Amino acid sequence: MHFPFCRHRCHYCDFSVKRARRAPIREWIECLESELRERFANEGWGSSPGLDTIFVGGGTPSLLGPDGMVDLSDLIERWFRLDREALEWTAEANPASFDRKTAETWRQAGVNRLSLGVQSLDDRVLGWLGRLHDAGGALRALRTASDAGFEHISADLIFGLPADVTRDWPGEIRGIVASGVGHVSAYGLTVERRTPLHRWIELGRIRYPDPRRYAKEYADLASSLRGAGFTHYEVSNFARPGEQSVHNWQYWNGAAYLGIGPSAHSFLPPVRSWNVFRWDAYRGAIHDGDPVTMGWENPTGEERELERLWLSLRTRSGLPERDSIWARPALEIARDRWIRAGWLERRHGRIVATTEGWLRLDALVAEIASSGENRG
């Protein structure tokens, strides 16, 4: 479920975000219900399907406050069958808009996993990113979540900033480990075309992020978190024992999922679809009785195999060495060359990416795709 509202838009963000002093929560929930009504009527999702996971992302879902999440929980229970004991329900939150009352009410409403947008524990970095909290506020939010009874807490971090931005990256990593969080998601800064950051780089006001810094900070984070007892179980994700994200595994394993809200993506195998991007267009389509789906695709068998390869190599499970995909001569040659380079490795009968290989994963898959085209 995509909650598209923020009080402030970060200059690197290209998500579907609408700035709002007061988010129109009731209207957003009414629009979600209208979309669900349309989908259940037309797309064959069945009657009251069960859910393994729920993920409320944004935007800034913590702007829902206590009452908004209760209303959202009521909506979900009207349309889906829930096993509260087995369900993983994650909600994202910004430290600047997350307080004790919100935390406690969310837990009562059914949220049992929290993803906090810490991004950094260095005030210089947070200022440059345009975040509304400081390092102290981030640590207080983590303690608030724990004190409110959240046993599963994840922290987001950003790495790979431009050389102009100084930071104490080792100190930030130590701070995250000391906070006691069970999960860390780390994302390298990307420069997206429709963002202020891209314009500033084009104007020469900021230097483009240095790929060498990107690689070093990624490697340092991976090494430090593994040394602290975390498993690096996916390109961007680290977890203490028992803290891996069930929701994310669903994506990587090719399970069906339903996305509702502006810009949300869905997968009813084998078809993928996505909604109109902006809140205003989404709301307008709902009010006019028009479909909110903006596009869809039904990948070919070759495309599905390539996607399966890419998703599998994103995880520490990788692919079996005897998987049929390696029977293609071009793919076998590419695999063996990458193993010799140290970017893939054989581990317990499987082919998995190394830390350096994960940095190069897109290039690997592009090479494999190209070899497939040449073969065709």
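Is Ser263 buried or exposed? In this predicted model, Ser263 is buried, because its relative accessible area is 15% and the limit for a buried residue is under 20%. Ser263 belongs to the loop between helix 9 (246-252) and strand 11. Its backbone has a positive phi, near 70 degrees, in a residue other than glycine.

A second residue with this backbone feature is Gln119, which is not a glycine and yet has a positive phi of about 70 degrees. Gln119 is located in strand 6 (residues 113-119). With a relative accessibility of 9%, Gln119 also counts as buried.

The backbone further contains cis peptide bonds. One of them joins Gly58 and Gly59, with omega at about 20 degrees. Gly59 is placed in the loop between strand 4 and helix 2 (65-79). Another cis bond runs from Pro269 to Pro270, where omega is near 5 degrees. Pro270 sits in the loop that lies between strand 11 (265-268) and strand 12 (271-275).

Strand 4 (residues 53-58) also contains Thr53. Thr53 is buried, as its relative accessible area of 14% falls under the 20% cut-off. The side chain of Thr53 forms a polar contact of 2.8 Å with the side chain of His247. Setting aside residues up to four places away in sequence, Thr53 touches Leu87, Glu88, Val246, His247 and Gln250. Of these partners, Val246, His247 and Gln250 fall within the range of helix 9 (246-252).

The nonpolar interior can be considered next. The largest nonpolar core comprises 86 residues, and those with the most contacts inside it are Trp28, Met69, Leu72, Phe98, Trp106, Val118 and Phe150. Helix 1 (residues 25-42) gives the most to this core, contributing 7 residues. Another core, of 16 residues, lies apart from the largest one and includes Ile158, Val165, Ile201 and Ile206. The surroundings of Phe98 illustrate the packing of the largest core: leaving aside neighbours within four places in sequence, Phe98 is in contact with Ala93, Ala103, Trp106, Leu114, Leu116, Ala141, Thr144 and Ala145. Trp106, one of these partners, is itself among the residues with the most contacts inside the core.

Helix 6 offers another view of the interior through Ile176, which is found in that helix. Ile176 is buried, with a relative accessible area of 1%. Not counting residues up to four places away in sequence, Ile176 touches Val118, Leu121, Ala155, Leu157, Val181 and Val184. Ile176 and Leu139 are separated by 37 residues in sequence, while their C-alpha atoms are 8.6 Å apart in space.

Helix 6 also packs against a second helix. The axes of helix 6 (residues 169-179) and helix 8 (residues 211-227) come within 11 Å and cross at roughly 35 degrees. The crossing of helix 6 past helix 8 is right-handed. On the side of helix 6, the contact is made by Trp169, Ile173 and Val177, and on the side of helix 8 by Glu217, Asp220, Leu221, Ser224 and Leu225. Sorted by class, the residues of this contact are 5 nonpolar, 1 polar and 2 charged.

Definitions and conventions. Residues numbered from 1 in each chain as written. Predicted model: local features only at pLDDT ≥ 70, side-chain atom pairs only at ≥ 80, totals over all residues. Heavy atoms only, no water. Helix = DSSP H or I, 4+ residues; strand = E, 2+ residues; numbered from the N terminus. Buried < 20%, exposed > 50% of the residue type's maximum accessible area, 1.4 Å probe, protein only. Polar contact = N/O pair within 3.5 Å; in protein donor to acceptor, adjacent residues only side chain to side chain. Contact = heavy atoms within 4.5 Å. Axes fitted to C-alpha atoms, helices over the stretch in contact; angles between N-to-C directions. Left-handed = near helix turned anticlockwise from the far one by under 90°. Nonpolar A, V, L, I, M, F, W, Y, C, P; charged D, E, K, R; others polar. Core = buried A, V, L, I, M, F, W, Y, C linked by side-chain atoms within 4.5 Å.
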